[in-house]
Amino acid sequence: MEKTVHQKRLIKYNDKLFSCSTSIAMELIGGKWKSVILIYLLDGKKRYNELRKLISTITERTLSLQLKQLEKDGLIKRRVYTSKPPLKVEYSLTPFGESLEPVLNAIATWGMTVVEEKGEIIEG
């Protein structure tokens, strides 16, 4: 694997300045919930309540805010079906979001290694 050379620089992305490309990545997927939402969407489109059930420890407000931010950043798309009641909304990854698959899988694999070595699975 080729080693990346890290150097001092200034990067502009979405009208914000960053000192490192890692900062841009963390801006897009960092925090407690974004990567969790994205990893569940790797399996395919989900409705809001499906995500809420899968991520049982997230609040409704936080899920709503994170979905809006992920949509704004172009990682997910929100599709509203209005042809027949009740209203149906589905979330899915955009091609930009799908490009995160190897990164998200690597994070999940590393996380499971940590669980196996230092934690425990309570239910599943």
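Which side chain of opposite charge is nearest to the buried Asp73, and how far away is it? The legends below take up this view and others of the predicted model.

**View 1. Asp73, a buried acid without a salt bridge.** Lys34 carries the nearest side chain of opposite charge, 4.2 Å away. A salt bridge requires a side-chain nitrogen within 4 Å of a carboxyl oxygen, so this pair does not count as one. Asp73 sits in the loop between H4 and E4. Beyond four places in sequence, Asp73 touches Asn14, Glu27, Leu28, Lys34 and Phe96.

**View 2. Lys46, a buried base in strand E3.** Strand E3 spans residues 46-47. Lys46 is buried and has no salt bridge. Its nearest side chain of opposite charge belongs to Asp43, at 4.8 Å. The Lys46 side chain does reach a backbone oxygen, that of Tyr40, at 3.3 Å. Leaving aside residues up to four places away in sequence, Lys46 touches Tyr40, Leu41, Leu51, Leu54, Val89, Glu90 and Tyr91.

**View 3. The largest nonpolar core.** This core has 22 residues. Those with the most contacts inside it are Ile37, Leu38, Leu41, Leu67, Leu75, Ile76 and Tyr91. Two or more residues come from each of helix H1 (21-29), helix H2 (34-41), helix H4 (60-72) and strand E5 (88-93).

**View 4. Leu41 and its contacts.** Leu41 is among the core residues with the most contacts inside the core. Ile76 and Tyr91, also in that group, both touch Leu41. Further contacts of Leu41 are Lys46, Leu51, Ser92 and Leu93, again not counting residues up to four places away in sequence.

**View 5. The open sheet of 3 strands.** The strand order is E3-E5-E4, with antiparallel pairing. E3 and strand E4 (76-81) are the edge strands, each pairing on one side only. E4 and E5 pair in the antiparallel sense over 6 bridges. At Ile76, the bridge partner in E5 is Leu93. Both Ile76 and Leu93 also touch Leu41.

**View 6. Pro102, exposed in helix H6.** Helix H6 covers residues 101-118. Pro102 counts as exposed because its relative accessibility is 59%, and the cut-off for exposed is over 50%. Glu27 lies 75 residues from Pro102 along the chain. The C-alpha atoms of Pro102 and Glu27 are separated by 18 Å. Glu27 is also one of the residues that Asp73 touches.

Methods
Residues are numbered from 1 along each chain as its sequence is written. This is a predicted model: local features need pLDDT of at least 70, side-chain atom pairs count only at pLDDT 80 or more; totals for chains, interfaces and linings use all residues. Side-chain values use heavy atoms; hydrogens and water are left out. Helices (H or I, at least four residues) and strands (E, at least two) are DSSP runs, numbered from the N terminus. Buried means under 20% relative accessible area, exposed over 50%, partly exposed in between (1.4 Å probe, protein chains only). Lys and Arg count as positive and Asp and Glu as negative; His and the chain ends are not counted. A polar contact is a pair of N or O atoms within 3.5 Å; within protein, one must be able to donate a hydrogen and the other to accept it, and residues adjacent in sequence count only if both atoms are side-chain atoms. Contact means heavy atoms within 4.5 Å. A nonpolar core is a set of buried Ala, Val, Leu, Ile, Met, Phe, Trp, Tyr and Cys residues joined through side-chain atoms within 4.5 Å. Two strands pair if DSSP finds at least two bridges between them.
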